[in-house]
Amino acid sequence: MSEANKGKFYITTPIYYPSDRLHIGHTYCTVATDTMARYKRMQGYDVMFLTGTDEHGQKIEDKAREAGKTPQQFVDDIVTGPRGVLDLWKLMNISNDRFIRTTDDYHVAAIQKIFKKMYENGDIYKGKYTGKYCKPCESFWTESQLVDGKCPDCGREVQDAEEEAYFFRLSKYADKIQDLLENTDFLEPRSRVHEMVNNFIKPGLEDLCVSRTSFTWGVPVDFDPGHVVYVWIDALFNYTTALGLYNDKYNDYDKFWPADVHFVGKEIVRFHSIIWPSMLMSMGMPLPKKVFGHGWLLLDGGKMSKSKGNVVDPYILAEMFGVDALRFFLLRTFPFGSDGNFSNELLIQTINTDLANDLGNIVSRTVAMAQKYFGGTLPAEQVADDALDANLIEMVSGLRDRYEAQMEKYAFQNALSEVFNVISRANKYIDENAPWVLARDEANKPRLARVLYNLLETIRICGALLLPFMPATSAEIMKRIGADRYDWDSLNQYGLLPAAATVTDGPNLFPRVDMDKALAELEEAEAAARKAALPALEIEPYAEEQVDFDTFCKSDLRAVKVKDCQPVKKSNKLLKFTLDDGTGTDRQILSGIAMYYKPEDLIGKTLVAITNLPPRKMMGQESCGMLLSAVHTEQGEEKLNLIMVSDAIPAGAKLC
Ligand code: ME8
């Protein structure tokens, strides 16, 4: 049952850049947005929750080329392919109402119109972009993109260059933006306002380069072929094209714009709180009501990144611990506006303390007692005891409003603390009332029934308020206690469950996790995933330096037959070969291949050796030549195969 419509609520996540697979940091923001969207729906709002993918730009173009795919194939694989972005949001139970891809035709056409409109109103003008150019790569770079002053792609020298480009008159809006940031609550948390004003606005806002000609994977500027629209214009306007601005695909713009809140990570606050409102002002469009800049999930004190190789895979965590436990952990453990240090230990601790001990316990104890003492249905005859009940009832009755006050501030952690304070209080209430003692005397049954009723009411309200955070768990809890109302009004009315409430048993909601065992399993799963992500097969790059024919011909390559092969004492690597090289005198070669072959398997084989290398001593033994082998890498592991030739080739035959 849902309450009367309270109006609209439009909430967005950043649209993700599908240059790599998403990690737990990306999941954090989407789970937070989903939680807020579900909460607003529960309050009775008509919610629009948008997420999507930001698919243009040079980085995608480059990555696609490296992967041997077209940019479209490359992003399709990450967005719609197995274990891609869409699969992840489905797994995480994300309830977005719409999903935009910036490569969608309707969006591309709308961006062209938006760009043209800002050009026509004089806010976009043509100028010259100065930067650095790498001739061999045909790439433009800014000073800050260079690595040690050289091309970040090939490491070669770059030269000064100019490129024709369009610019947006960001400088024109500096005062208005400063006023917006300082004198309204447009941007939160407040600390981010000072950062924006002091670091970006006060030093002087420069006009922004909003088109490029050095790559093609973007929205073409339709009135000037060769230019593509800067990826951030393309990306930011998604929030409006996905509602139907300048397109016929959707028609909710009038209903939902302006957005009520954009949730964004702290590093993109600048784009959302300076560039975005300036462009909207230029377009004469209303500004979003709020931008909330959340913190980062850190790993070992630093940002997770693919290049550091320390990304945490949300699939592995959700599959191992459950989607709801993971969703809950993210919002229970870290204050939304600040950074937080992610660790698997912290995740397991949170599951064990809050979910297994506190929440799981109150539900299983209460349901078990209602079944044991009353066969699952409480008697209607009940006896209250104010002295014992008042404190719990008061806490439960005011819970919805305390929770709401925190949720309205996007303080997910505090909202959950409110719920878990009540759950702890209820667990204590069980001990204070000792139902097992009351159960011993038939005369105390009405009192016992009331104690269990109070617990069920507590579980009903807490269970429903957990819905935005843990949708599946909340539904299961409500089912077990026979409750089905989630409407906002029902959540600050104590006593809505019928006195003769009926409960249903079920398996443990959150079994305790064995820390050591789980950590070991996680490590194994992560190692397997890392291995699976490695290229299946890699070969050494080809040598760039050429060798002249005569030099090559100096290498004396011969077929040799293995007469004997033994491990070398005290070495795990070396095998000692006794070889027939056709000369009548045995040749001894030592080769570091013990981890790839058993010596006895090689006896009798015909191999290839370079025989005119100067003799070398290894582990005190002489080696006269080298056996040829082929090496490659498979799933990150080096593989080696000795070159074996037909046994029909006689010992000593020269290979040329
Ligand atoms: O920025 N902890 O996309 P993106 C918390 N396409 N949040 C994190 C995080 C972490 N460790 N790592 C990433 C883009 N994020 C643009 C957005 S919107 C018009 C365009 C967050 O895929 C990050 O802060 O690089 C950002 O808000 C979001 O994931 C998407 O990052």
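**Exercise 1. Determine which residues arginine 447 touches, leaving out those up to four places away in sequence, and establish whether arginine 447 is buried or exposed.**

Solution. In this predicted model, the residues touched by arginine 447, once those up to four places away in sequence are set aside, are Val383, Ala384, Asp385, Leu388, Asp389, Tyr429, Asn433 and Leu438. The next step is to place the residue: arginine 447 belongs to helix α19, which runs over residues 445–465. One of the residues in the list, valine 383, offers its backbone oxygen to the side chain of arginine 447 at 3.1 Å. The last step compares the relative accessible area of arginine 447, which is 10%, with the cut-off for burial, which is under 20%; arginine 447 is therefore buried.

**Exercise 2. Describe the surroundings of serine 211, and state how far serine 211 is from serine 490 in sequence and in space.**

Solution. Begin with the position of serine 211, which is in strand β9, residues 211–212. With a relative accessibility of 0%, serine 211 counts as buried. Apart from neighbours within four places in sequence, its contacts are Phe115, Ala165, Tyr166, His227, Val228 and Tyr230. Two of these partners can then be examined at the level of atoms: a polar atom of the serine 211 side chain lies 2.9 Å from the backbone nitrogen of tyrosine 166, and the side chain of serine 211 also makes a polar contact, at 2.9 Å, with the side chain of histidine 227. Finally, serine 490 is 279 residues from serine 211 in sequence, and their C-alpha atoms are 53 Å apart in space.

**Exercise 3. Characterise the shell around the ligand: how many residues surround the ligand, and which are the closest?**

Solution. The shell consists of 24 residues, and the closest are Ile15, Tyr17, Asp54, Glu267 and Leu297. Sorted by character, the shell holds 13 nonpolar, 8 polar and 3 charged residues. Three of the closest residues can be followed to individual atoms. For isoleucine 15, a backbone N or O atom lies 2.8 Å from a nitrogen atom of the ligand. For glutamate 267, an N or O atom in the side chain is 2.8 Å from an oxygen atom of the ligand. For leucine 297, a backbone N or O atom lies 2.8 Å from a nitrogen atom of the ligand. Turning to coverage, the ligand on its own has 660 Å² of accessible area, of which the protein covers 93%. The elements that contribute two or more residues to this shell are α1 (24–43), α8 (231–236), α9 (238–241) and β11 (261–265).

**Exercise 4. Explain why helix α13 is described as largely enclosed by the rest of the structure.**

Solution. Helix α13 spans residues 323–333, and 11 of its 11 residues are buried, so the helix is largely enclosed by the rest of the structure. Among the buried residues of α13 are Asp324, Arg327 and Arg332, as well as Phe328, Phe329, Leu330 and Leu331.

**Exercise 5. Assess the overall form of the chain: what is its radius of gyration, and what does the globule rule give?**

Solution. The secondary structure is counted at the outset, and comes to 23 helices and 26 strands. The radius of gyration of the chain is 34 Å, well over the 26 Å that the globule rule gives for 656 residues, so the chain is more spread out than a compact globule. Along the principal axes, the C-alpha atoms fill a box of roughly 105 × 75 × 40 Å. Burial is considered next, and 52% of the 656 residues count as buried. The chain exposes about 30100 Å², with carbon and sulfur atoms supplying 50% of that area. Among contacts with a separation of 6 or more, 74% involve residues 24 or more positions apart.

**Exercise 6. Locate the cis peptide bond from glutamate 188 to proline 189 and the one joining tryptophan 257 and proline 258, and then examine the backbone of arginine 83 and lysine 570.**

Solution. From glutamate 188 to proline 189 the peptide bond is cis, with omega near -10°, and proline 189 is found in the loop between β7 (187–188) and α7 (191–201). The bond joining tryptophan 257 and proline 258 is cis with omega of about 5°, and proline 258 lies in the loop between α10 (253–256) and β11. Arginine 83, although not a glycine, has a positive phi of about 55°; arginine 83 is in the loop between α3 (71–80) and α4 (85–91), and is partly exposed at 40% relative accessible area. Lysine 570, also not a glycine, has a positive phi of about 65°; lysine 570 is in the loop between β17 (557–567) and β18 (575–580), and counts as exposed at 82% relative accessibility.

Technical notes: Residues numbered from 1 in each chain as written. Predicted model: local features only at pLDDT ≥ 70, side-chain atom pairs only at ≥ 80, totals over all residues. Heavy atoms only, no water. Near = heavy atom within 4 Å. Polar contact = N/O pair within 3.5 Å; in protein donor to acceptor, adjacent residues only side chain to side chain. Areas by Shrake-Rupley, 256 points an atom, 1.4 Å probe, with all protein chains shown as cover. Helix = DSSP H or I, 4+ residues; strand = E, 2+ residues; numbered from the N terminus. Nonpolar A, V, L, I, M, F, W, Y, C, P; charged D, E, K, R; others polar. Rg over C-alpha atoms; globule rule 2.2 N^0.38 Å. Buried < 20%, exposed > 50% of the residue type's maximum accessible area, 1.4 Å probe, protein only. Contact = heavy atoms within 4.5 Å.
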